[in-house]
Amino acid sequence: MVIVLVLSLFDWELLSAPEFVGLDNYHRLAADGETWHSLGVTAGYVLLCIPLQTVLALALAMLLNQRMKGVRLYRSLFVIPWMATPIVLALIWNWIFDPRDGALNSALALVGITGPDWLSDPDWALPAVALVSVWQHTGYNMLFFLAGLQGIPQELRDAAATDGATAAQRFWRVTLPLLNPTMFFVTVTNLIGAFQVFDTVYAMTDGGPSGSTEVLNFRIFQTAFKEFDFGYAATLSALLFAVILLVTLAQVRFFGKRTTYDLS
Amino acid sequence: MLKSPRIRWAGALLGAAMLTLTGCSSGEGGGSADKVTLTYRLWDDQQKAGYEKVMAAFEKANPGIDVTIELLPYDQYWTKLTADVVAGTAPDVFWMTPTQFPEFVTKGVLSPVQADTAKYHQTVVGSFTYEGKLYGVPKDWGIVGLLYNKDLFEQAGVEMPDKLTWTADGTGTLLDTARKLTVDEGGKHPGEAGFDPAKVKTYGFASWNHYQTQWMNWVSSNGGKLVDKPFGKYVFNDAASVQALQFGVDLVNKHHVAPPATQTNPPTGKITDMFKAGRIAMFPANNALLPFVAPEATFEVGVALMPEGPAGRSVNLNGLAEAVYAKSEHPQEAMKLAAYLGTQEPQKLMADGGYAFPALNGLSQGYVDYWKAKKVDVSPFVDEAEGSTFPLPITTGFTGFETKLNQIFNEMYLGKLSPQEAADQAVAAGNATLE
């Protein structure tokens, strides 16, 4: 991290000796419309992914926290997407999203809907990439919620039930607050991961169409390894770090006041 | 000259003693310290098998040198190479492409090499020349030709014309032939009443956003130019270039003889799969694609000359070179290896193995024979290489520009930008990346 911060003060293009340029890279950043655009795209991606995959994971965990036949098998099945390589996932989903022959639009056609050109439509490409991420991470997050749920003593819910609390009240007033440590862990790690998304974008859209999926990490890769501008890439990395740090600190504050780790 | 045998022996002994001395003075490790190990890096796992034989022959002729072959997938190859160059630990000899070459040579990463340039294909030599010096031993070349599905031609009762031609106004044998081979689910062809472009079963031609095998060839065969000079500026927004771009787009959106851009735009386009599945009759491709298409195709693959444009036929010829790392710890040995790779023996081995057309002139027949045994006549590629060919744009910043260029031209093939708008935007963006 320190090296990145130091590098961001240099103009360094591959073999040429790094030249100290002070805050020039940061001045350039302030006027760099494309980077602010990428930051917007990244924020959009995070907002599409995180709420959806957190809610889905929690719902799935509640469902699979019951006694039923084959529950272990289901629990394992949902984790499988998480184990696949992003590039392979992207290849498979590229087929699913194919506007003409793809599974998704064929399914939509059955109910009379003409699906969009998912990956070549600037309005749909980012949601499509986000959907793949949600599909990939939901099962994995479900595991943490499942562990969290099983750590909540049943007596607490029973006591609430005895006091006349409805199922909804038991969820909102008992289960959810007691899940705060898990919620904190899941959202923090997921947010950090989402801010750093790269592989799926690289394999599915290459930043397109019209830059609509050009997330910040993609731009850093582009700047360093395609334009060979290492100093400026370090500046962009510093920006990404700062954004993640701020968001994480905000989360720490939010959850810090509301979380109890001691259930005894 | 050393005439007396005794003096010759003395010379040999002296030479051996000096070798031993220099070996000792570098003095690391034990007895094998005077053995130099070179690293050779490539990205093609099929060619690696050929290079294992080549390196074995080189090691036999040079007992003091060991060569380690490193294979990296193409995508990782450049990222890793860049990182290694930054760290000062790049391989001694490695493959170089014309589009990456300008960045690496202008930043001093490559050593100039000695080679008799007259013996190699001139487009390859030109692709690796900077300020009058050659920076890479010409290795091989790949060229764009027209692959076609002979079964589809037969079923439609269409003969491949002796010469395919195109003009911007839509006349010429290419469009005629493509129309006959394009059929919708109702059996109708484009131009006929009732033809439904949304329900096409097979397409006559593949026109899509691919610079190397598509629009750059149309630009060049219409008298347009990509860059004004090597290491110069982009100029492909002049009238001739824009007219050529319009032709490529019209094949898709106006004449409906090629699949829509939603299915073909990079990086997700599946045009190669569509050709392999027998849904496209004519498919411009680099000969390097043959090993990935021919064995899997369920139909007979033909090769034809690329269509002639108003300014004649001009096709992309993409050369590779064996580059020598400027900061190699063993510059002499590395140079020796690179020079060897440019000679008859290894280049013939690679040609006869059907890996690539060698850069060294006069060895193409081995490659042709290899493919003849697999029932593909690749001689049109050879004929093309003897005619007018052009390299990809040789100028700094292309690697950084490529993503943007593809994005802009995706919009053009979708019909969202006119060719003039797209070319203007692309040229402006490209020239902004030039140092």
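The following questions and answers go through a predicted model.

Student: How many helices and how many strands are there in chain A, and what percentage of its residues count as buried?
Tutor: The C-alpha trace of chain A spans about 70 × 50 × 25 Å along its principal axes. Within chain A there are 13 helices and two strands. Of its 264 residues, the share that counts as buried is 47%.

Student: Among contacts in chain A between residues at least 6 apart in sequence, what percentage join residues at least 24 apart, and what percentage of the exposed area do carbon and sulfur atoms supply?
Tutor: Taking the contacts in chain A between residues at least 6 apart in sequence, those that join residues at least 24 apart make up 68%. As for its surface, chain A exposes about 13400 Å², and the share supplied by carbon and sulfur atoms is 67%.

Student: Which residues of the largest nonpolar core touch the most other members, and which helix gives the most to this core?
Tutor: The largest nonpolar core has 169 residues, and those that touch the most other members are B:Trp215 and B:Met282. The element that gives the most to this core, with nine residues, is a helix of chain A spanning residues 230-256, namely α13.

Student: Apart from that core, how many residues does another core have, and which residues are among them?
Tutor: Another core lies apart from the largest one, and it consists of 20 residues. Included among them are A:Ala61, A:Leu149, A:Met183 and A:Val186.

Student: Which residues does B:Trp215 touch, not counting residues up to four places away in sequence?
Tutor: B:Trp215 is one of the residues that touch the most other members of the largest nonpolar core. Once residues up to four places away in sequence are left out, its contacts are B:Asn209, B:His210, B:Leu226, B:Phe236, B:Leu245, B:Leu405, B:Phe409 and B:Tyr413.

Student: Which helix gives the largest share of the nonpolar patch on the surface, and is A:Tyr74 buried or partly exposed?
Tutor: The patch is formed by A:Leu63, A:Met68, A:Leu73, A:Tyr74, A:Leu77, A:Phe78, A:Ile80, A:Trp82 and A:Met83, which together have about 880 Å² of accessible area. Its largest share, seven residues, comes from helix α4 of chain A, residues 71-83, and A:Tyr74 has its place in that helix. With a relative accessible area of 38%, A:Tyr74 is partly exposed.

Student: What parts does the salt bridge between A:Asp32 and A:Arg219 tie together, and how many residues apart in sequence are they?
Tutor: In this salt bridge the closest N and O atoms of A:Asp32 and A:Arg219 are 3.2 Å apart. A:Asp32 lies in the loop between α2 and α3 of chain A, whereas A:Arg219 lies in helix α12 of chain A, so the pair ties together parts whose separation in sequence is 187 residues.

Student: Does A:Asp32 count as buried or exposed, and which residues are linked with it in a network of salt bridges?
Tutor: Buried means under 20% relative accessible area, and A:Asp32, at 12% relative accessibility, therefore counts as buried. Its partner A:Arg219 also counts as buried, at 9% relative accessibility. The network of salt bridges links A:Asp32 with A:Glu34, A:Arg219 and B:Lys404.

Student: Which strands hold B:Glu70 and B:Arg41, and in what sense do these strands pair?
Tutor: B:Glu70 forms a salt bridge with B:Arg41, the closest N and O atoms being 2.8 Å apart. B:Glu70 is in strand β2 of chain B and B:Arg41 in strand β1 of chain B, and the pair links parts of the chain 29 residues apart. Over seven bridges, one of which joins B:Leu38 to B:Val67, β1(B) and β2(B) pair in a sense that is parallel.

Student: Why is β1(B) largely enclosed by the rest of the structure, and is B:Arg41 buried or exposed?
Tutor: Strand β1(B) is largely enclosed because six of its seven residues are buried. At a relative accessible area of 3%, B:Arg41 is buried.

Student: Where do B:Asp84 and B:Lys80 lie, and is B:Lys80 buried or partly exposed?
Tutor: The side chains of B:Asp84 and B:Lys80 meet in a salt bridge at 3.2 Å, N to O. Both lie in helix α3 of chain B, four residues apart, which is about one turn of the helix. B:Asp84 counts as buried at 9% relative accessibility, whereas B:Lys80, with a relative accessible area of 38%, is partly exposed.

Note on methods: Residues numbered from 1 in each chain as written. Chains lettered and ligands numbered in written order. Predicted model: local features only at pLDDT ≥ 70, side-chain atom pairs only at ≥ 80, totals over all residues. Heavy atoms only, no water. Core = buried A, V, L, I, M, F, W, Y, C linked by side-chain atoms within 4.5 Å. Buried < 20%, exposed > 50% of the residue type's maximum accessible area, 1.4 Å probe, protein only. Contact = heavy atoms within 4.5 Å. Patch = residues over 30% accessible without salt bridge, like charges linked within 9 Å, V, L, I, M, F, W, Y side chains within 5 Å. Areas by Shrake-Rupley, 256 points an atom, 1.4 Å probe, with all protein chains shown as cover. Salt bridge = Lys/Arg side-chain N within 4 Å of Asp/Glu carboxyl O. Pairing = 2+ DSSP bridges.
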